[in-house]
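Have the sequence and the 3D view ready, and let's walk through this protein piece by piece.

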Amino acid sequence: MPDGTKSTCRCEAPGRLPGYGPVSVIDIGSNSVRLVVYERLSRAPTMLFNEKMLAGLGKGLAATGRMNRDSVNQALGAIRRFKLLAEQSGSVELYILATAAARDAANGPEFLAAVKEICGVEVNLLSGTDEARLSALGVMSGMNRPAGIVGDLGGGSLELIRIENDMVGTGRTYPLGGIRLLEASEGSIRKAEKIVADALEPAIVQMPCAGLPFFAVGGTWRSLALLHMYETGYPLHVMHNYSIRAEEALEFARVVARRDPDSIDQIEVVSRSRRGLLPYGALVLEQVIRAIRPSHVVISALGVREGYLYERLSGDERTKDPLLEAASELNWVRSRSPRHAKELVAWSEAAFSLLGIEETEDEKRLRAAACLVSDIGWRAHPDYRGEQSLGILSNASFVGIDHPGRAYLALAVFYRHVGLVDDAVSPRIRELASTRLKERARTLGAVLRVAYLVTASMPDVLPRTGLSIDGDRLVLNLPGDLGDLAGDRLLKRLVQLAKVGGLKDGVIRVAG
């Protein structure tokens, strides 16, 4: 069990994880008000429910200094609904975060008092520095050892902050949120371009990023990346860790910023409510790239909310690997034997070492994660287990993994079910992984095909067996009481594994 504490969840569904939870966050931004309910407070939080309403609290704020009455009423109505939904979910904690609009408006204190009265909890009014820090922590919680500059674009402001070596640097806030920029420029892209360039001039010195990625956070930038995905025919529609070379991102942003959104190919994938701010978000991204010169633009689906929860974890929890935590949770709720999946990690490591297959630290964690999720498709019809597992794993809500890593997981488990054939796999999925990763996925698939025929997915068997090499043959060693497991089907898979590992043959040996 991933967490031994008693569940406080009202839902008795066996597919839910035990532990202290759920927890809810209401995020009050300058453009949207959002509720996210997470299954529990953990290193790899899973969303139970997610809903947003575009209230536009920041509209007109620059001119009047106040949030307009209609936007406030819409936001408060949404918050009443969200509070009830959080209660219905059985949330044990409700956190409320408010950012630029509520911070800058003259009627902000009155609005926040109304929110507190509705929800019965204090509102966390974040400063620009707080937003930058929490955005950085959100990226750190969702990426594997990230280093670079984090940028969080909201309706009212842009926050930039450096992260490196698990440390968060000093953040900077710029008045370049989409709504604020639209109004300050009076709808003129030419005027907006000068505003952004002037505002970001200090970032050239404050936030140098040459050779490192820029981590983009915020709904407008996610919409821009989604549009790029569809225009390029990208095979995975997973936003988190979607990476675009800086030169390509710069050119794409330049085009989007200067064209009528409705004339852009594939624009229908972006919601109409987002299209009005899309050119301004594209313009800010273009100027950020010009100013700080990153190597890539990497989209983070995690930001302030997840950073806020990450900060509430214990030090031990924060040091856990989010990918392995998520894989362990999926193993727990979907595998025939979670303990057997854990045994595969050590068994496959011994097999790779025996066959002389070198792995980086990241490749080791990918192999471990693949072992943990290698049996999640068992309830499907045998003819579709590989295909179903491929779809689930390539699109799973994992964090701490890039898209080539997703391809590795999906391919390894696909090969485990279908065999070491590529005909049924989308060539675009294979293209996401390097030759090195594809070969290691094939090898792991071959290892798993042997192991599962020995164990029938049950625990306490694999540790009693082992592999060795005798000349140019791979040997599967079985104890005497398991000798009847030997058979032609198992031998064929062993020979296949031997050949993948550069050996000529395989043999099963029974002790005694």
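**Starting with a sheet**

Strand 1 (residues 23-28) pairs with strand 2 in the antiparallel sense, over 6 bridges. Keep in mind as you look that this is a predicted model. To find the pairing on screen, look for valine 23, which stands opposite tyrosine 38 in strand 2.

Now zoom out to the sheet these strands belong to. It is an open sheet of 5 strands in the order 3-2-1-4-5, and the pairing is mixed. Strand 3 and strand 5 (123-125) are the edge strands, each pairing on one side only. If you ignore direction, neighbouring strands of this sheet are turned by 15° against each other on average. What packs on the sheet? Helix 2 (residues 69-88) does, touching strand 1, strand 2, strand 3 and strand 4 (93-98). The direction of helix 2 makes about 165° with that of strand 3.

Next, follow the chain out of strand 2 (33-38) into the loop that leads to strand 3 (47-53), and you'll meet glutamate 39. Is glutamate 39 buried or exposed? Its relative accessibility is 11%, and buried means under 20%, so glutamate 39 counts as buried. Setting aside residues up to four places away in sequence, glutamate 39 touches Arg16, Leu17, Gly21, Pro22, Thr46 and Leu48.

There's a database label for this part of the chain too. UniProt, in an unreviewed entry, places the feature "domain: Ppx/GppA phosphatase N-terminal" at residues 36-313. In the model, the span 36-313 is 48% helix and 17% strand, and its end C-alpha atoms lie 18 Å apart.

Let's move on to the loop between strand 7 (158-164) and strand 8 (167-168), where asparagine 165 lies. Most residues other than glycine have a negative phi. Asparagine 165 has a positive one, near 55°. Its relative accessible area is 64%, and since exposed means over 50%, asparagine 165 is exposed. Aspartate 460 also has a positive phi, near 70°. You'll find aspartate 460 in the loop between helix 21 (435-455) and strand 13. With a relative accessible area of 44%, aspartate 460 is partly exposed.

Go on to strand 13 itself and you reach another sheet. This open sheet has 3 strands in the order 13-14-15, with mixed pairing. Why is one side of strand 13 (466-470) and of strand 15 (505-510) left without a neighbour in the sheet? Both stand at the edges, each with a single partner strand, so there is nothing in the sheet on the other side. Neighbouring strands here are turned by 30° against each other on average, direction ignored.

Look at strand 14 (residues 473-478) and strand 15: they pair in the parallel sense over 6 bridges. Leucine 474 stands opposite glycine 506 in strand 15. Two helices to look for on this sheet are helix 16 (residues 338-354) and helix 22 (residues 488-500). Helix 16 touches strand 13 and strand 14, and its direction makes about 10° with that of strand 13. Helix 22 touches strand 13, strand 14 and strand 15, and its direction makes about 130° with that of strand 15.

For a close-up in strand 15, pick aspartate 505. Its relative accessibility is 34%, so aspartate 505 counts as partly exposed. Leaving aside neighbours within four places in sequence, aspartate 505 is in contact with Asp472, Arg473, Leu474, Val495 and Ala498. Aspartate 505 and valine 475 are 30 residues apart along the chain, while their C-alpha atoms are separated by 8.8 Å.

Finally, let's look inside. The largest nonpolar core has 106 residues, and those with the most contacts inside it are Leu158, Phe214, Phe398 and Leu476. Where does this core lie? Domain 2 (129-306) and domain 3 (322-510) both give residues to it, so the core lies between them. Take leucine 158: among the residues it touches, not counting those up to four places away in sequence, are Tyr174, Leu176, Leu200, Trp221, Val284 and Val288. Another core, of 29 residues, lies apart from the largest one, and its members include Leu61, Ala75, Phe111 and Ile118.

Note on methods
Residues are numbered from 1 along each chain as its sequence is written. This is a predicted model: local features need pLDDT of at least 70, side-chain atom pairs count only at pLDDT 80 or more; totals for chains, interfaces and linings use all residues. Side-chain values use heavy atoms; hydrogens and water are left out. Helices (H or I, at least four residues) and strands (E, at least two) are DSSP runs, numbered from the N terminus. Buried means under 20% relative accessible area, exposed over 50%, partly exposed in between (1.4 Å probe, protein chains only). Contact means heavy atoms within 4.5 Å. Two strands pair if DSSP finds at least two bridges between them. Axes are lines fitted to C-alpha atoms, for helices over the stretch in contact, and angles run from 0 to 180 degrees between N-to-C directions. A nonpolar core is a set of buried Ala, Val, Leu, Ile, Met, Phe, Trp, Tyr and Cys residues joined through side-chain atoms within 4.5 Å. Domain bounds come from an automatic or database domain assignment. UniProt positions are given in the numbering used here, feature names are shortened, and annotations may be inferred rather than shown by experiment.
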